[in-house]
Every structure is written in C-alpha cells, then in structure tokens.
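Q: Could you take me through one part of this model closely, and then show me how it sits in the rest of the chain? I would like the cut-offs spelled out as you go.

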Amino acid sequence: MVKRWGISVFLILIVVTMTGCMKSADNLSSESQPWEESPLFQSNGYSMIGEEGRIGFLYEDSDVMRFKPNKVQKYMWHLWGDEQELNGKFKVVARPENGGESVTMLEDISLGSANNGADRHIPSQMSLPAKGMWKLDAYVGDSLFGTIFVQVHES
C-alpha cells in the first residue's frame, strides 16, 4: 500500500514538473518568434491593421498612412468584445523590436460607442520615435486586450 502511494506521488510530481517545463518553453518560444507586421483586414468597408474580430485601427499600407519616425497621424482604434472586457480605460504601450525603451502612446482614454462594425472605438493621434518593427500592446483597464505589430518606415 505504501509502495503504491509512493509511486502515485512520484508520477504526480513528474507530470507537474513536465507541465511547468512545457509552459516555460511556450513562453520562451513566443518571445523569440520573429516580429512581423500584423495583417490588414476589412470591417464595414474600411481597411484596418490588427487582429480581425478583436482589435485594429484604420490603416492602409500606403505612404500617406504608414508610420514614419516622429510623424503624428490620426488612427481610429476599433475593439470587439463583450461588455465586461470592454469596461475600463484604454492604454497603448509600444515596444521596439531592437529592445529599446517602451513608449506609452495612449493612456487613460475612455472608449467610445460602436463604430464600423466594432463594439467600441476611439480616435487617437499616434507617432513612434524610430524606424523598425514595433509591438503595440493595447490594454483595457489593467488587462492586455490585444497586440498589433507595425512597421515604422524611413522618412
């Protein structure tokens, strides 16, 4: 009886250890994946960049709309989700792929009503300080809502 109990505990410890190792490996692999610009998608006839059905902002891959270093432009954010997860202030933190300093692009902004097929929207003005790939983490309240990758082109 004691031998069975000991084997059971041993097997449980192995499973718990392996599960923890797999989760750590998953976290490492997601951070080490190459950054690629998020895809464009359509919503109510408007072109957006981001994750269709979750988060995006009005954007076309044209010289007029592209991010350029320190160029302030207007972008309309759109979010899809239920009332509970869309309840809170909106914030966007940008981080460059090269490991430079993070930039808070938007902070403490109330989300607007439904628009262009999305459950909420918010107009914004944004700019990024340097060329290269940037990861935009969007938060509603204290929770990460979604991530969009954008390329900042040379001036």
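The answer below looks closely at the open sheet of four strands, then at its surroundings.

A: Happy to. A word on the ground rules: this is a predicted model, in which local features need pLDDT of at least 70 and side-chain atom pairs count only at pLDDT 80 or more, whereas totals for chains, interfaces and linings use all residues. Residues are numbered from 1 along each chain as its sequence is written, and side-chain values use heavy atoms, with hydrogens and water left out.

The confidence comes first. pLDDT is the predictor's confidence in each residue, from 0 to 100, and the chain averages 85, with 78% of the residues scoring at least 70. Residues 8-30 are another matter: pLDDT stays under 50 there, and the model has zero contacts for them beyond four places in sequence, a contact being heavy atoms within 4.5 Å. Where pLDDT is low, the predicted coordinates should not be read in detail.

Next, the layout. One helix and nine strands make up the secondary structure; these are DSSP runs numbered from the N terminus, H or I of at least four residues for helices and E of at least two for strands. Along the sequence the pattern reads α-β-β-β-β-β-β-β-β-β.

Now to the sheet itself. It is open, its four strands come in the order β6-β5-β8-β9, and the pairing is antiparallel. β6 and β9 (143-152) are the edge strands, each pairing on one side only. Direction ignored, neighbouring strands are turned by 15 degrees against each other on average, using axes that are lines fitted to C-alpha atoms (for helices, over the stretch in contact) and angles that run from 0 to 180 degrees between N-to-C directions. Strands of a sheet pair through backbone hydrogen bonds, either parallel or antiparallel. Pairing is counted here when DSSP finds at least two bridges between two strands.

Strand by strand, β5 (residues 90-96) is joined to β8 (residues 132-140) by seven bridges, the two running antiparallel. One place to find this pairing on screen is F90, whose bridge partner in β8 is V140. β5 also pairs with β6, in the antiparallel sense over four bridges, and there V92 has L106 of β6 as its bridge partner. The β5 and β6 strands form a hairpin with six residues between them, and G99 in the turn has a positive phi of about 85 degrees.

Follow the chain out of β6 and you reach the loop to β7, where two residues are worth a look. N116 lies in this loop, between β6 (103-109) and β7 (120-126). Is N116 buried or exposed? N116 counts as buried because its relative accessibility is 15%, where buried means under 20% relative accessible area, exposed over 50%, and partly exposed in between (1.4 Å probe, protein chains only). Beyond its neighbours within four places in sequence, N116 touches S43, N44, Y46, M48, L58 and H78. G112 is found in the loop between β6 and β7 as well; with a relative accessible area of 23%, G112 is partly exposed. Its contacts, again leaving aside neighbours within four places, are with R120 and H121. W77 lies 35 residues from G112 in sequence, and their C-alpha atoms are 9.8 Å apart in space.

On the other side of β7, the loop leading to β8 takes part in a salt bridge, meaning a side-chain nitrogen of Lys or Arg within 4 Å of a carboxyl oxygen of Asp or Glu. K131 and E154 meet in this way, at 3.0 Å from N to O. This pair links distant parts of the chain, 23 residues apart: K131 sits in the loop between β7 and β8, E154 in the segment after β9. K131 counts as exposed at 51% relative accessibility, and E154 does too at 54%.

The count comes to five salt bridges by this rule. Among them is D61 with R66, whose closest N and O atoms are 2.9 Å apart; D61 is partly exposed at 44%, as is R66 at 22%. Another is K68 with D63, at 2.7 Å, joining a buried lysine at 12% to a partly exposed aspartate at 48%.

Stepping back to the chain, 34% of its 155 residues count as buried. Residues 24 or more positions apart account for 53% of the contacts with a separation of 6 or more.
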